[in-house]
Amino acid sequence: MTPHPDFFMQIALEEAYKGLGRTHPNPPVGAIIVKHGKILGKGFHAKAGSAHAEVNAVIDAKAHGENLAGAEIYVTLEPCNHTGKTPPCTQAILDAGIQKVIILNQDPNPNVCGEGAVYLKNHGVHVEFCQNPDLIEKGKEILQYFVCSVLKKRPFITLKIAASLDGKISANKETRTCITGKQSQKYVHRLRNEHDAILIGSSTARIDNPLLTVREYPSQDEHQPTRILLYSLLSTPSDSHIFNSQAPTIVFHYLQVDKEKRKLLLAKNVTCIPVEKKNNQLDIKFILNELHRIGFSSIFVEGGAQIFESFLRENLVDKLYYFCAPIWLGKEGVGIQNSLEILKNSHIKHLDPDIILISNQNL
């Protein structure tokens with residue numbers, strides 16, 4: 001019995017997830033090639049500049065000696081019909097002899113939307129769009145970073161807050177406080193793994209001295225997101241963990257800073273970018289514009305309080321993960337302004353002993 005087409009599209013989605021956090025500024029895409037109900041090849045887009053999902057699926061099938069004439073391909077995003085760093089996928093589909101293309105989502109880029117499907121139809125290929133609403137939503141979710149980059153001209157911002165029952169994110173201003181349990185900490189590493197970069201402020205870097213790497217959720221490609229530090233006065237010691245070589249690091253700092261400290265960071269292969277002041281702090285919107293220009297599509301913001309409030313005040317948060325732990329830190333603890341307001345319309349995930357409130361803030 002031949003599986004339902006939705007079965008094959010789900011597998012294509014699983015392929016696409018493999019590229020999440022790795023393909024910026026391109027979207028993550030998955031594809032599988034099927035003939036007579038048999039999967040001949042699978043592929044996903046691994047990183048910008050490398051072969052796209054459709055091409056990798058063709059390569060995979062041909063490596064196993066498969067004849068693709070008359071086959072069908074399931075792809076999570078409309079095949080591209082333009083030449084960038086790689087040739088158009090529409091031509092690769094035609095050259096392979098594939099006769100049917102099933103597409104999950106149209107390209108959200110208004111400059112090219114529909115072109116791939118029309119080109120394939122005009123060259124005799126049967127084109128269909130998936131009609132399963134659940135799969136369509138999953139496809140949109142995996143494209144949300146790319147959509148934000150294309151339409152809003154800035155990276156998608158995910159804000160992660162870990163707080164006590166009384167809404168405090170640390171015991172006091174100068175103490176590193178581990179709030180959540182092991183399951184939540186592992187989940188945070190999974191979220192890190194799905195983003196292009198992780199961002200913190202200088203106080204968090206100085207007090208917590210974090211590595212900001214993916215360790216609890218290892219991947220086959222050993223992906224490490226870029227670390228971004230908003231480091232206004234270059235006050236964090238240059239031997240801090242964030243300046244080691246385990247992952248690329250970008251520092252945004254004021255125009256006027258200690259030149260010797262800047263030289264020390266440059267010697268460690270840290271990218272240093274000067275920023276104008278705005279309201280006596282680094283200009284967040286300028287920073288996001290610069291990160292977009294460089295090519296980042298998604299940023300995972302981890303702290304601290306001033307950073308959280310800056311992103312929330314500027315209405316720049318697209319998705320919020322609010323980890324709530326069953327502890328009480330009391331009046332000396334550090335909280336966040338308007339923390340209850342941002343939790344509206346959240347859905348809850350349980351990670352014993354914590355709960356996570358997840359909400360879309362800006363979508």
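Start your tour with helices α1 and α5, which are roughly parallel to each other, since angles under 35 degrees count as roughly parallel. Keep in mind as you click around that this is a predicted model.

**Stop 1: the α1/α5 pair.** Select residues 5-17 for α1 and residues 133-142 for α5; their axes come within 11 Å and cross at roughly 15°. Turn the view until one helix lies over the other, and you'll see α1 pass α5 in a left-handed crossing. Now show side chains. On the α1 side, pick D6, M9, Q10, L13, A16 and Y17; on the α5 side, pick L135, K138, G139 and I142, and you have the residues that make the contact. Colour them by class and you get 6 nonpolar, 2 polar and 2 charged residues.

**Stop 2: T76.** Next, select strand β3, residues 72-77, and find T76 in it. Buried or exposed? T76 counts as buried, at 3% relative accessibility. Follow the T76 side chain and you'll find that it reaches the backbone nitrogen of G30 at 3.0 Å. Leaving aside neighbours within four places in sequence, T76 is in contact with A12, L13 and A16, among others. You've already met L13 and A16 in the α1 contact with α5. The T76 list also includes P28, V29, L104 and N105.

**Stop 3: A31.** Move on to strand β1, residues 30-35, where A31 sits. A31 is buried, with a relative accessible area of 0%. Which residues does A31 touch, not counting those up to four places away in sequence? Select A12, E15, G41, K42, G43, A53, E54, A57, I73, Y74 and V75 to see them. A12 turns up here and in the T76 list as well. While you're on A31, draw a distance to F44: the two C-alpha atoms are separated by 6.2 Å, with the residues 13 apart along the chain.

**Stop 4: helix α6.** Finally, select residues 144-152, which is helix α6, and highlight its buried residues: Q144, Y145, F146, C148, S149 and V150. What covers them? Switch on α5, β6 (156-163), α10 (284-294), β14 (298-303) and β15 (319-324), which are included in that cover. So α5, the partner of α1 at the opening stop, comes back here as part of the cover over α6. Before you leave, click on K153, which follows α6 and has a positive phi, near 60°.

Note on methods. Residues numbered from 1 in each chain as written. Predicted model: local features only at pLDDT ≥ 70, side-chain atom pairs only at ≥ 80, totals over all residues. Heavy atoms only, no water. Axes fitted to C-alpha atoms, helices over the stretch in contact; angles between N-to-C directions. Helix = DSSP H or I, 4+ residues; strand = E, 2+ residues; numbered from the N terminus. Parallel < 35°, antiparallel > 145°, perpendicular 65-115°, else oblique. Left-handed = near helix turned anticlockwise from the far one by under 90°. Contact = heavy atoms within 4.5 Å. Nonpolar A, V, L, I, M, F, W, Y, C, P; charged D, E, K, R; others polar. Buried < 20%, exposed > 50% of the residue type's maximum accessible area, 1.4 Å probe, protein only. Polar contact = N/O pair within 3.5 Å; in protein donor to acceptor, adjacent residues only side chain to side chain.
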